[in-house]
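Visitor: I should like to go through this structure and ask what each description rests on. Please show it to me first.

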Amino acid sequence: MTQVFDVEHVLAELTLEEKASLTSGADFWHTQAVERAGVPGVMVSDGPHGLRKQAEAADHLGMGSSVPATCFPTAAALGSSWDVDLAHRVGEALGRETRANDVAVLLGPGVNIKRTPLCGRNFEYVSEDPVVAGELGTAIVRGIQSQGVGTSLKHFAANNQETDRMRVSADVDERTLREIYLPAFERVVRDAQPWTVMCAYNKVNGTYASEHHWLLTELLRDEWAFDGLVVSDWGAVHDRVPALAAGLDLQMPASGAGSDEAVVAAVRDGSLDEAVLDVAVRRVLRLVQRSQPGLAEAVTFDVDAHHALAREAAAAGSVLLKNDPVGGAPLLPLTGSFAVVGEFARTPRYQGAGSSQVNPTRLDDALTALGDVAFAPGFTIAGGPEGADDALLAGAVELARTAETVVVFLGLPGPDESEGYDRPRLGLPDNQVAALRAIAAVNPRIVVVLANGSAVAVSDWQDLAPAILETWLGGQAGGSAVADLLLGTRSPSGKLTETVPHRLEDTPAFGNFPGELGHVRYGEGVLVGYRWYDTRAMDVAFPFGHGLSYTTFAYDDIVATEASVSVRVTNTGTRAGAEVVQVYVRDPEASVLRPTRELKAFGKVALEPGESRTLTFELTRRDLSYWHTGLHRWVVEGGEFVVEVGASSRDIRGSVSIQVEGDPLWGALTSMSTIGEWFAHPVGGPLLQSMLTMPADMPPLDDSTRAMLGSMPAKVLVTFGMTDFTLADLDALVAKVATA
Ligand code: BGC
């Protein structure tokens, strides 16, 4: 039985050296123990979509082996289910496996925003939208932690690329951070209180995340009330003393020679307050303590049940991009005979490379799952020099020529998507597109099944395929899940959590990615993902939120107020299915740039044929607001708002215009506040007005003069001699307003 200790008692007993040692790891995966004080070390392991508990040699790049664990669909796939209940259940299973393996914390989920499809680690992230990432992240954390083990919400913050990830400065303006890159973290922290948050490798506006006091303390703890522990990404701490002072509690992995001594010396020479060290030690002790009950009780897990859950999740996260009729009927679900082409059908791509690489308990491939079907590999996954695949290609064309329908499995080669570097291209390898063209030349009845961790370009070839099913990296049961969908055992119900653009040149970060000379400038600001494409009215291959089903859904009875939205959804087809309903908000007239639409709520509803359900969503003031960089707070600008309910960001089924009362928009007045700002101020406005005496012969001000004066700082107006009071009078007025 593991001894449970009293945190405050232990803290009071520890020597300075012991305290310093507790704030870094004992080895690659364990926290430091202090046996004398009855404090055991605990183990942490990756994450996020399966447990990667290393048995022997340790590394954080997925190179060494790990214990068998269920490889659930990656976040790209699970996220595309838009199903919070499912995400919670997957979280429970992940937590159970973590606990069964005596691990205290599973290192995930990752809720960084997909800023560009080229980020090598997008498969580990949920969405280009913070609401989707935040809701799904919350469900996963709750699910995992319900099992008595912890999570590590990562990578905090603005870790949106792999290129130069250990040094690059993500240069992001305040509003963009608040509206795009921070809210998913905020939501998970506030709603699910993860046991730990993992700080990112990169710098944020010039300061390493591991040393970022504003990020780790002012924002995370003071504003969001985070009560857990901040752990570093593996190797993200470069100087422990400023990291501790900034709010980092635990450096991982072990710190190496001399590092504890530096902390001790800093306390002794007064450059680090011992109370600051105590805060970090207290959090480490609390983490160890809160994991003891879970670790004390041995549990097992049901391998078959978890595999079945992985299969359900992979199916729910697959997105039917298109299913056009051929000869009067869509190709999917498959009804007649078909042949299978593509190496991915028997050699599945089901997870990405790097620290998240799981050793699966078993592995399904689509070819086996589809039963007794004719197959030709058609190409090698690795690609290879031009012409090297001729024999394989010829075999596939021969097969396709006589097949009724051809299911072609395409995807990105494994090395294209990994932690540690970004993707080399948006498109599929040339040899795969060439194979598709050759097959299409002999048989137009083509279903393409895609396997990739983030959007791939489809515009060059999608006209050749009447049906496309995007399966992402669907985990160990992805192969059988694809068979379920193709054969119609289940109906597709996933939707895109990221836009599929036509070209790399269209993407928001193009030109500002991956940065140069140590900086990546987030020049697109808040226009990330569909916010960019929709606001700029750009054509895309498949929009955010899009995904088809084998049935159809009608939306009616849309009612909205500033506090809630409701809509009735009806299954109008002949099969059971599930629909993801999306609520967007737009502020048509705003004094700052607002995206054309922003997702604020969503829900997934399963319906039998003919069945209707009314979904109701709550709207908050925050949902209507933007981050005001002058006032440094969320602000609702009064007036009209449009609430849209849609099946995707480009398939809006109804909208309601509402009138909303605005927030006060004034801040502290200074002599450099404009006349407009003075007049908007409830105290300063009337006071200034009373001091401004206009010459009697002056004609009434026209609109353009008003506008010109409105943007003029009060001080400049005085300096121009346009008032009969002095700068000293103005200063006195400023002081009077401040104390009013
Ligand atoms: C990754 C983290 C991971 C850690 C431990 C790092 O390289 O960025 O996501 O949890 O290694 O493996």
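Visitor: What makes the crossing of H4 with H5 right-handed or left-handed?

Guide: In this predicted model, H4 passes H5 in a right-handed crossing. The term applies because the near helix is turned clockwise from the far one by less than a right angle. The axes of H4 (residues 84-100) and H5 (residues 130-145) cross at roughly 35 degrees and come within 6 Å.

Visitor: Which residues of H4 and H5 meet?

Guide: From H4, the residues are Val-84, Ala-87, His-88, Gly-91, Glu-92, Leu-94 and Gly-95. From H5, they are Glu-135, Leu-136, Ala-139, Ile-140, Arg-142, Gly-143 and Ile-144. Contact here means heavy atoms within 4.5 Å. The residues of this contact divide into seven nonpolar, four polar and three charged.

Visitor: Why is the approach of Asp-233 to the ligand called a polar contact?

Guide: A polar side-chain atom of Asp-233 lies 2.7 Å from an oxygen atom of the ligand. A polar contact is a pair of N or O atoms within 3.5 Å, so the Asp-233 pair qualifies. For Tyr-201, an N or O atom of the side chain is 2.9 Å from a ligand oxygen. For Arg-165, the corresponding value is 3.2 Å. Both pairs therefore satisfy the 3.5 Å limit as well.

Visitor: Which residues around the ligand come nearest?

Guide: Of the 15 residues around the ligand, the nearest are Asp-46, Arg-121, His-155, Asp-233 and Glu-419.

Visitor: What is the omega value of the cis peptide bond that joins Gly-108 and Pro-109?

Guide: Omega is about 0 degrees for that cis bond. Pro-109 belongs to the loop between strand E4 (105-107) and H5. Another cis peptide bond joins Leu-332 and Pro-333, with omega about -5 degrees. Pro-333 is in the loop between strands E14 (329-330) and E15 (338-341).

Visitor: What is the phi value of Trp-472, and where does the residue lie?

Guide: Phi of Trp-472 is near 55 degrees, a positive value in a residue other than glycine. Trp-472 is located in the loop between strand E20 (467-470) and helix H16 (478-487).

Visitor: How far apart do the C-alpha centres of domain 3 and domain 4 lie?

Guide: The two centres are 42 Å apart. Domain 3 covers 551-660, and domain 4 covers 675-739.

Conventions
Residues numbered from 1 in each chain as written. Predicted model: local features only at pLDDT ≥ 70, side-chain atom pairs only at ≥ 80, totals over all residues. Heavy atoms only, no water. Axes fitted to C-alpha atoms, helices over the stretch in contact; angles between N-to-C directions. Helix = DSSP H or I, 4+ residues; strand = E, 2+ residues; numbered from the N terminus. Nonpolar A, V, L, I, M, F, W, Y, C, P; charged D, E, K, R; others polar. Domains from an automatic or database assignment. Near = heavy atom within 4 Å. Polar contact = N/O pair within 3.5 Å; in protein donor to acceptor, adjacent residues only side chain to side chain.
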